[in-house]
Amino acid sequence: MKLLPQAVCITLLATLFNLAHAEVARPNIVLILADDLGFSDIASYGSEIQTPSLDALAASGISFTNYHTAASCAPTRAMLLTGVDSHKNGVPNIPESIPPAHQVHENYRGVLSRNVVTVASLLQNAGYHTYMAGKWHLGKARDELPYRRGFSRTITLADTGADNWEQKPYIPIYEKANWFADGEETTLPEDFYSSEFLIDRTIEFIDSNSDSQPFFAYIPFQAVHIPVQAPKEFTDKYLDTYQQGWTALREQRQKRSKELGIIPANAEMQTMSSTHDWDSLSAEEKRFHAKRMAVYAGMVDAMDHHIGRLVAHLKATGRYDNTIFIFSSDNGSEATGGDNPRSLLNRLGLRMQGYTNDYDTLGSKGSFNTIGPSFASAAASPLAYYKFYAGEGGMRVPLIIAGKPISDKAQRSNAFTFVTDITPTILEFTSTPAPTEFFGGRRIVPMIGRSLAALSRGEVEQVYTESDYIGYELGGNAALFQGPYKIVKNRGPVGDSEWHLFNIVDDPGETNDLREAMPDKLADLLEHYHQYAAENGVLEVPASFNGTTQVAINGIRDRFGKQLLVLLLTSIICGVFYILYRRK
C-alpha cells in the first residue's frame with residue numbers, strides 16, 4: 001500500500017477539520033419583530049423608555065437609521081420572511097382591508113402565496129431547527145399556518161392582533177382569538193401575558209433539541225399592538241413621564257435623536273395635522289392621556305425585559321456567542337383610537353366587547369388602551385406620519401443586527417435598506433444558498449432583496465446604488481426610493497393624495513418638498529414608480545376607499561355573512577307574503 005505524502009495528509013486533515021468546524025460554527029439566528037413600534041421608541045434611537053436589553057445589542061452591533069418596511073403588519077411580515085415584494089407574495093395589504101373586487105386577483109388574497117419560499121423553509125432544508133412564537137397573520141387555514149411554511153415548532157396567533165392577558169379577540173370582527181400550536185388549535189394558559197409567554201415558549205423550543213444543529217427562532221411580539229396592555233410594575237415606572245404631553249415628547253425625542261447622530265443636526269420636523277393642542281385639555285384629560293402613554297412605555301419596557309431573559313438563557317446555556325440577533329418593527333406607530341377615548345360612545349363600544357378604559361385599571365386585564373394619533377406622532381419622532389401611511393413615520397423603523405459572529409462594537413449605518421433585505425441577509429449569515437427559479441418542485445418568484453451582511457461587517461457603505469429604484473404601495477399610499485430621494489403619496493384623511501419629493505437623508509422629517517425645485521427628478525421617479533406598479537400588479541384602490549371602513553365591512557361579511565344572508569332571505573320572503581296578503 002502506497003502512503004500519501006505527509007504534506008498531502010496534513011492538507012486533507014485540515015480540510016476535513018475546517019469543514020466540520022464550519023458546520024458547527026453556523027450561527028443561530030434570533031429574529032425579533034416588535035409590532036407597531038415607532039422609530040424612536042427604544043432608548044438607543046432617542047427614547048426615554050428603558051430598553052437595556054436592546055441597548056446592549058445596539059452597543060455590540062450595527063444600528064440602521066434608514067431602514068424601511070411596509071406601513072402595515074402583514075405585508076411587512078410577508079416580505080420579511082421571503083425577500084419578495086408584497087404584491088408578488090400574495091400579501092399587498094392586511095387581508096381584512098382588501099376590497100372584494102381586488103380579492104379575486106391571485107396576488108391580492110392577503111395570504112402568503114405558494115409561489116414564494118420562506119427563510120424558515122430554506123433554513124430547515126439546510127439542517128436548522130426552526131421555531132416561531134408570536135403573531136403570524138399570513139393565513140389561518142391549516143396549510144397556510146407557519147407549521148406548514150418551514151417552522152418545525154410553533155405557537156402562533158393567526159389574527160391581526162388579540163388581547164395580551166387572555167385568549168380573547170380585541171375587535172368584534174373575530175369570534176375568538178385564533179391561537180395554534182404546531183398547526184393545531186390551542187388554548188392559552190391562565191397566567192398568560194403575551195411577551196412573557198412568547199419568550200417562555202421560545203426557550204422551551206430551543207431547549208427541546210440538544211443536538212449540535214443550529215436554530216432559527218422567529219419571535220414576532222404582540223407589543224405594542226392594540227390593545228396596549230402592560231403589567232402594573234412596568235407601567236408605574238412611567239406615570240410621571242408624560243405629564244408635559246405629546247408635543248413636548250416629540251421635541252425631546254427629536255433633540256435626543258440629533259445628539260445620538262440618528263438624524264442630521266440641522267434636520268427639521270413638521271407638526272402633524274392630527275396632533276391636538278395639549279394645552280387645550282383639562283387637567284383630568286391630561287392625566288388620562290399621560291397614563292395611556294405610560295402603559296405603552298410599560299409594554300415596550302416589558303418586551304425588552306423578556307428579550308433580556310432570552311439573552312440571559314442563551315448565555316447560561318453556552319449558545320450566546322454563536323447567535324446573531326436581528327431586531328426590528330413591522331411598521332411605525334399606531335394612531336388608531338383617537339384622542340377622545342373616554343367619550344360615551346367609545347366606552348359603550350368597549351363594554352359591548354367586554355372591555356373598559358378606566359384610568360385606575362388602564363393596561364390591566366380587561367382594559368383596552370390605545371395611544372391615539374397625537375402620541376403616535378411622538379412615538380414616530382422626528383419623522384412625519386405613522387402606521388398605514390407611506391410617510392417616513394409609517395415606514396422607517398429601528399433595525400439592529402448584533403452578535404459576536406458579526407461584531408462586538410457599536411456601529412451605525414444610514415444606508416438605505418428595505419424589509420426584503422432581511423431574508424437574503426440571514427441566508428448569507430448561515431451560508432444557505434437562495435433558490436432562483438424552483439423550490440420543492442414548484443416554480444417560485446425570485447427574491448429582490450439585498451444581503452446586508454457585508455454592510456453589517458463594515459465592508460461596504462451601501463447595498464443600493466444610484467441606479468436602483470425601490471417601489472412601494474399599500475392601500476393607495478405609495479412611495480419610490482432612489483439614492484437619497486423619495487417620492488411619496490399619502491391619501492386622506494391625513495394626506496392630500498398628491499405626489500411629493502424629498503431628500504430623506506438630509507430631510508428625514510419630510511419638511512422640504514422638492515417637487516417644484518426639481519421637476520425633472522420628480523418626473524423620472526414617477527415614471528419608475530408606474531413601471532414598478534405595472535411589473536408588480538399593483539391595483540388602484542377606489543377613490544372612496546377607506547381602510548378602517550373596509551375592515552369593518554369585510555369583518556361583518558366574514559363573521560356574520562351566513563346570518564345576514566338568512567336574514568336577507570327571510571326579509572324577502574316575508575316581504576313577498578306581505579305583498580300577496582295586501583293584494584288579496
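Helix α9, residues 283-316, lies across three strands: β1 (28-34), β8 (215-220) and β9 (323-329). Its direction makes about 170° with that of β9. The model is a predicted one.

Those three strands belong to an open sheet of ten. The order is β7-β6-β5-β4-β8-β1-β9-β10-β2-β11, and the pairing is mixed. At the edges stand β7 (184-185) and β11 (411-413), each of which pairs on one side only. Within the sheet, β4 (residues 129-135) runs parallel to β5 (residues 153-157). Five bridges hold that pairing. To find the register, look at A133, which stands opposite I155 in β5.

Now turn to the aromatic residues. A search of the whole structure gives 23 aromatic pairs. One of them joins Y131 and F205, with ring centres 5.8 Å apart and 35° between the planes, a tilted arrangement. The pair links distant parts of the chain. Y131 sits in strand β4, F205 in helix α6 (residues 194-207), and 74 residues separate them. Are these two residues buried or exposed? Y131 is buried, and F205 is buried too.

W165 and Y193 make another pair. Their ring centres are 4.6 Å apart and their planes meet at 45°, so this pair is tilted. W165 belongs to the loop between β5 and β6 (179-181), while Y193 belongs to the loop between β7 and α6. The pair therefore ties together parts that lie 28 residues apart in sequence. Both residues are buried.

Rings also gather in a cluster. Ring pairs connect W136, F151, F216 and Y218.

Charged side chains meet rings as well. The charged end of K168 sits over the ring of Y355, 3.8 Å from the ring centre. R287 places its charged end over the ring of Y359, with 3.7 Å to the centre. R287 falls within the residue range of helix α9 (residues 283-316).

A second region to examine is an open sheet of four strands. The order is β15-β16-β17-β18, with antiparallel pairing. Why is one side of β15 and of β18 left without a neighbour in the sheet? β15 (470-474) and β18 (499-503) stand at the edges, and each has a single partner strand, so one side of each stays free of a neighbour there. On average, neighbouring strands of this sheet are turned by 15° against each other, direction ignored.

Inside this sheet, β16 (residues 477-482) and β17 (residues 485-489) run antiparallel and are joined by five bridges. L480 has I487 in β17 as its bridge partner. Helix α15 (residues 519-536) packs on the sheet and touches β15, β16, β17 and β18. The helix direction makes about 115° with that of β16.

One residue remains to be placed: F388. This residue lies in the loop between α11 (372-379) and α12 (392-395). How does F388 count in terms of exposure, and why? Its relative accessibility is 32%, so F388 counts as partly exposed. Beyond its neighbours within four places in sequence, F388 is in contact with A71, S72, E334, T336, L474 and N477. Two of these partners lead back to the four-stranded sheet: L474 falls in the range of β15 (470-474), and N477 in that of β16 (residues 477-482). F388 and N477 are 89 residues apart along the chain, yet 7.8 Å separates their C-alpha atoms.

Key: Residues are numbered from 1 along each chain as its sequence is written. This is a predicted model: local features need pLDDT of at least 70, side-chain atom pairs count only at pLDDT 80 or more; totals for chains, interfaces and linings use all residues. Side-chain values use heavy atoms; hydrogens and water are left out. Helices (H or I, at least four residues) and strands (E, at least two) are DSSP runs, numbered from the N terminus. Buried means under 20% relative accessible area, exposed over 50%, partly exposed in between (1.4 Å probe, protein chains only). Contact means heavy atoms within 4.5 Å. Two strands pair if DSSP finds at least two bridges between them. Axes are lines fitted to C-alpha atoms, for helices over the stretch in contact, and angles run from 0 to 180 degrees between N-to-C directions. Rings of Phe, Tyr and Trp (its six-membered ring) pair if their centres lie within 6.5 Å; planes under 30 degrees apart count as stacked, over 60 as edge-to-face and the rest as tilted. A charge sits over a ring if NZ of Lys or CZ of Arg is within 6 Å of the ring centre and within 35 degrees of the ring normal.
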